[in-house]
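User: I would like to go through some of the labels used for this structure and ask what stands behind each one.

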Amino acid sequence: MDPINLLKERKVCRAFKNIPIKGNVVENLLEAAQQAPSGSNMQPWEIYIVMNNKLENLRKKILEAANEKNRNYGPPFSGEVPEKYLNRRKKLMDDMKGYLSEDKLNLSYIFKGSLTFFNAPAVAFIYIHKSLYPTRSIDIGSYMVYFMLAAEILGLGTCPIGYIRGVSDVINEFIGVSNEFILEIAIAFGYKDDEKAINKFKSDRVQLSDNSCIME
Ligand SMILES: Cc1cc2nc3c(=O)[nH]c(=O)nc-3n(C[C@H](O)[C@H](O)[C@H](O)COP(=O)(O)O)c2cc1C
């Protein structure tokens, strides 16, 4: 595929086939994502891939924990968020509702699916050392995008999942990661289930003139 079209046509996958990823595809994916740029080449990402039966066990633990009250799933915004950004988030939710209803689902599919990785056979949990958080979180974003695009080229769909921050204690304990590290993001990945209407959904983007400026 033309690389520009790859960028324009990629979209997140929110329904995966429950089949294992073949052969050495995961190694190839990690090898490609590892080429992501980072400030001073510090490569501050620490990756744990949890797959198949091990992921099933983690799913169960997450669902148990999600029943507990007082869990905070929201992104830690550091101030009042301007209306225009909140409106874009609301539009995403409204747009998804239409596709979900085709499969007789509602938005709870997205929230529960975020906690169960939309049935993906594999998840990458990406950590950063606490000394670098949030200053170098930008490098995690860089890694995340490389990972997502490499997966697409290898025939896999992905969904980054920030919502899991509400159960990061469960994930950290399951993986056995030291408390010196912070879970930035999870990326669910696997083969796309194209039968599901939600996977036909492509979110839109604002006009370039809304957030870009070319000066010369
Ligand atoms: C940092 C980050 C966190 C995200 N967290 C979630 C999530 O918890 N659940 C979910 O369904 N999608 C999540 N997404 C997917 C976004 O909603 C999606 O990327 C956005 O709507 C744009 O759609 P597109 O990637 O299909 O172009 C996340 C994306 C990013 C980059």
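Analyst: Ala, Val, Leu, Ile, Met, Phe, Trp, Tyr, Cys and Pro count as nonpolar, Asp, Glu, Lys and Arg as charged, and the others, Gly among them, as polar. With those classes, the shell around the ligand splits into 8 nonpolar, 3 polar and 2 charged residues. Note that the model is predicted.

User: Which residues come nearest to the ligand?

Analyst: K11, S114, G162, Y163 and S203 come nearest, out of 13 residues around the ligand. Strand β3 gives the largest share of the shell, 3 residues. Both α5 (108–116) and β3 (157–161) supply at least two residues each.

User: Why is P3 called exposed?

Analyst: A residue is exposed if 12 or fewer other C-beta atoms lie within 10 Å of its own. P3 has 9, so P3 is exposed. P3 sits in helix α1, residues 3–9. Its C-alpha atom is 32 Å from that of Y109, and the two are 106 residues apart in sequence.

User: What makes L86 exposed?

Analyst: The cut-off of 12 or fewer includes 12 itself. L86 has 12 other C-beta atoms within 10 Å, and therefore counts as exposed. L86 belongs to helix α4, residues 83–102. Between the C-alpha atoms of L86 and D204 there are 15 Å, with their positions 118 residues apart along the chain.

User: Why is α2 described as oblique to α6?

Analyst: The axes of α2 (residues 25–33) and α6 (residues 137–153) cross at roughly 140 degrees and come within 8 Å. Roughly antiparallel needs an angle over 145, and roughly perpendicular covers 65 to 115. The angle fits neither, so α2 is oblique to α6. Their crossing is right-handed.

User: Which residues meet where α2 and α6 touch?

Analyst: From α2 there are L29, A32 and A33, and from α6 there are Y143, Y146, F147, A150 and A151. This contact has 8 nonpolar residues, no polar and no charged ones.

User: How do you know that α3 and α7 are roughly antiparallel?

Analyst: Helix α3 (residues 52–66) and helix α7 (residues 168–175) pack at about 150 degrees, with axes 9 Å apart. Angles over 145 count as roughly antiparallel, and α3 and α7 are therefore given that label. The crossing of α3 and α7 is right-handed.

User: What residues make up the contact of α3 with α7?

Analyst: L58, K61, I62 and A65 in α3 meet V170, I171 and F174 in α7. By class, the contact has 6 nonpolar, no polar and 1 charged residues.

Key. Residues numbered from 1 in each chain as written. Predicted model: local features only at pLDDT ≥ 70, side-chain atom pairs only at ≥ 80, totals over all residues. Helix = DSSP H or I, 4+ residues; strand = E, 2+ residues; numbered from the N terminus. Buried ≥ 20, exposed ≤ 12 C-beta atoms within 10 Å, placed from the backbone. Near = placed C-beta within 6 Å. Axes fitted to C-alpha atoms, helices over the stretch in contact; angles between N-to-C directions. Parallel < 35°, antiparallel > 145°, perpendicular 65-115°, else oblique. Left-handed = near helix turned anticlockwise from the far one by under 90°. Contact = placed C-beta atoms within 7 Å.
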